[in-house]
Amino acid sequence: MDWGTDLWDQYEIIEKHTQSGLDLVEKYVKFVKERTEIEQNYAKQLRNLTKKYSPKRGSKEEQECRFSNHQSFLDALNEMNDYAGQRELIAENMMMNICIELTKYLQDLKQERKTHLSEAKKAQQSLESTYKQLDCSKKRFEREWREAEKATQHAEKTDLDINATKADVEKAKQQAHMRSHVAEECKNDYAAQLQKYNKEQGQFYFTDMPLIFNRLQDMDERRVQKLAQGYVLFSDTEKHVMPIIGKCLDGISRAGSNVNERNDSLALIEQHKSGFERPSDLEFEDYSQGINRTSSESSLGTPKGPLDLLGKNKSKPFWLFSKKSKPTATEDFGHLPPEQRRKRLQQKIEELGKELQKEMDQSEALGKMKDVYEKNPQMGDPASLAPQINQTTQNMERLRGELSKYENWLTEAGGRGDTLRYSSQSFNNNGAHDTYSPDGAHSDEGTPDPSHAIYAEFDDDFEEEELAAPIGQCTALYNFPGSSEGTIAMQEGEVLSVVEEDKGDGWTRVRRSNGDEGYIPTSYVSLALNK
């Protein structure tokens with residue numbers, strides 16, 4: 001069963017049905033577009049929501065993220081932000097795979113339908129034109145046949161008329177014969193037109209229109225199939241991101257599971273523990289015996305409590321819920337409670353230690369570079385490094401002084417023996433070490449002159465250090481004589497193992513297969529470091 005056979009006489013129905021199908025596709029595209037707008041707005045609102053409740057950098061809320069319940073909330077916000085990204089992905093995929101694709105397909109269908117209907121109208125117009133010719137020939141045949149009958153009747157009447165001359169009779173007969181001949185020609189023309197019309201009508205109803213109707217049927221079925229695919233894509237688009245959305249939701253659940261109330265309590269203790277002793281009992285002051293008030297007050301100071309250390313009036317009790325004025329910050333963190341002061345001093349010592357180590361590395365690198373320049377003047381002027389060397393030396397002395405000062409304060413604050421200390425070392429020409437003792441003071445043995453520490457000999461370093469594992473390889477691009485102390489010669493194309501990366505001074509430490517080590521210019525080799 002098909003449209004061309006069973007709906008051969010339902011042209012208007014087919015026309016309306018195909019138009020209705022195209023309208024449905026257009027309606028579905030609009031529906032999906034509005035859905036994408038909802039998804040985009042939803043994602044935007046989710047992002048704004050997470051941004052609103054996310055702590056700003058350096059804020060008090062960000063500092064509180066050391067507690068698991070605060071950190072878990074931040075993790076949940078991050079997962080929700082990722083969730084918003086998946087909603088945006090749904091909107092994008094729907095727009096690309098459904099809206100844009102169906103809109104393009106709809107334009108093709110409209111053009112195809114227009115072509116088929118145009119062919120149908122042309123066939124209809126051709127049939128109507130043939131029918132008009134048939135009707136015209138039929139009417140002409142009818143008219144001429146009547147005129148022929150009239151002429152024949154007139155000839156017969158004239159022939160019977162006794163008053164008519166022979167010429168009149170002959171003329172009437174000729175007229176009748178002519179009319180009959182014309183009528184016969186019209187009859188033949190009508191018969192030919194009828195045959196032509198019947199043939200064209202058969203072609204129209206049994207071939208042309210069924211073919212057009214079947215093409216429209218095929219077009220409509222393809223439209224339905226494409227629309228069905230659009231329905232499936234509407235669901236699949238969201239299904240494809242559901243695993244990731246599920247991971248986001250699992251991440252939120254995991255953030256909740258990661259909350260540890262006991263650890264949060266301990267973290268609060270670690271963060272705010274003052275180290276003060278609770279206030280002792282107040283002693284009775286017997287004014288009737290003339291006891292000196294001052295001596296009585298002094299008896300309340302053992303052991304020292306928060307009132308003594310914070311400089312408050314010791315004659316007054318310590319009120320737990322009273323408002324406290326914020327003390328003025330001091331360099332030695334004396335404004336802080338003992339426990340917090342020790343922590344801040346330890347943190348400051350670690351920061352100064354890192355800065356000092358950085359300056360010492362810079363000093364060592366400058367010393368190597370100066371030594372190479374002195375041995376190879378063509379590579380650079382040693383005097384040009386003097387300002388940097390002097391500045392680095394000053395920085396090292398300043399940092400050592402500050403480090404010693406803070407370590408002394410930590411000792412005064414009651415720093416325990418197991419407290420982390422920073423230990424650093426520098427090298428002098430004799431290979432001696434400048435080491436900080438655990439209490440922050442300089443050891444007496446091997447104290448170097450800072451102005452000479454940066455000119456350390458490379459060989460001493462190699463003797464004291466264990467063989468480091470290679471971190472990659474390099475290939476020599478040029479020949480290098482390695483004439484200065486601490487460097488190593490190499491030939492173009494030679495492959496060496498890299499044991500120490502360039503620290504910014506332009507030199508790389510390498511090792512041969514026989515164990516020889518030394519520095520080479522970084523620009524002279526092609527590096528391939530292990531990842």
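Is Thr36 buried or exposed? Thr36 is buried, because its relative accessible area is 1%, and anything under 20% falls in that class. Please keep in mind as you read that this is a predicted model.

## Thr36 and the H2–H4 pair

Let's stay with Thr36 for a moment, as this residue is a handy way into the fold. Thr36 is found in helix H2, a helix that covers residues 11-53. Look across from Thr36 to Asn93: the two residues are 57 positions apart in sequence, yet their C-alpha atoms are 9.0 Å apart in space.

Helix H2 packs with helix H4, their axes lying 8 Å apart at an angle of about 165°. An angle over 145 degrees counts as roughly antiparallel, so H2 and H4 are roughly antiparallel to each other. If you turn the model to view this crossing, its hand is left-handed.

## A salt bridge between H2 and H4

The pair of helices also offers a charged contact to look at. Lys110 and Glu26 form a salt bridge, with 3.9 Å between the closest N and O atoms. This contact links distant parts of the chain: Lys110 sits in helix H4 (residues 68-160) and Glu26 in helix H2, with their positions 84 residues apart.

How accessible are these two partners? Lys110 counts as partly exposed because its relative accessibility is 33%. Glu26 is partly exposed as well, with a relative accessible area of 31%. Compare that with Thr36 in H2, which is buried at 1%.

## Salt bridges within single helices

The model's count of salt bridges comes to 26. One of them joins the side chains of Asp218 and Arg222, with an N to O distance of 3.0 Å. Both residues belong to helix H5, and because they are four residues apart there, about one helical turn separates them. Asp218 counts as partly exposed at 38% relative accessibility, and Arg222 is also partly exposed, at 27%.

Helix H10 holds another such pair. Arg398 forms a salt bridge with Glu402, the closest N and O atoms being 3.5 Å apart. Here too the partners are four residues apart in the helix, so they are separated by about one helical turn. Arg398 is partly exposed, with 41% relative accessibility, while Glu402 is partly exposed at 23%. Elsewhere in the chain, shared partners join several salt bridges into one network, made up of Glu500, Lys503, Arg509, Arg511 and Glu517.

## The H9–H10 pair

Helix H10, home to Arg398 and Glu402, has a packing partner of its own. H9 (residues 338-375) and H10 (residues 386-412) pack with their axes 9 Å apart, at an angle of about 160°. That angle is over the 145 degrees that marks roughly antiparallel, and H9 and H10 are therefore described as roughly antiparallel to each other. Their crossing is left-handed.

## A nonpolar patch on the surface

To finish, turn to the outside of the model. Trp8, Tyr205 and Phe206 form a nonpolar patch on the surface, and together they have about 380 Å² of accessible area. Phe206 lies in helix H5, which runs over residues 166-257; this is the helix that also carries Asp218 and Arg222.

Which class does Phe206 fall into? At 71% relative accessibility, Phe206 counts as exposed, because the cut-off for that class is over 50%.

Terms used:
Residues are numbered from 1 along each chain as its sequence is written. This is a predicted model: local features need pLDDT of at least 70, side-chain atom pairs count only at pLDDT 80 or more; totals for chains, interfaces and linings use all residues. Side-chain values use heavy atoms; hydrogens and water are left out. Patches are made of residues with over 30% relative accessible area and no salt bridge: like charges are joined within 9 Å, nonpolar side chains (Val, Leu, Ile, Met, Phe, Trp, Tyr) within 5 Å. Accessible areas come from the Shrake-Rupley method with a 1.4 Å probe; for residues, only the protein chains shown count as cover. A salt bridge is a side-chain nitrogen of Lys or Arg within 4 Å of a carboxyl oxygen of Asp or Glu. Helices (H or I, at least four residues) and strands (E, at least two) are DSSP runs, numbered from the N terminus. Buried means under 20% relative accessible area, exposed over 50%, partly exposed in between (1.4 Å probe, protein chains only). Axes are lines fitted to C-alpha atoms, for helices over the stretch in contact, and angles run from 0 to 180 degrees between N-to-C directions. Angles under 35 degrees count as roughly parallel, over 145 as roughly antiparallel, 65 to 115 as roughly perpendicular and the rest as oblique. A crossing is left-handed if the near helix is turned anticlockwise from the far one by less than a right angle, and right-handed if clockwise.
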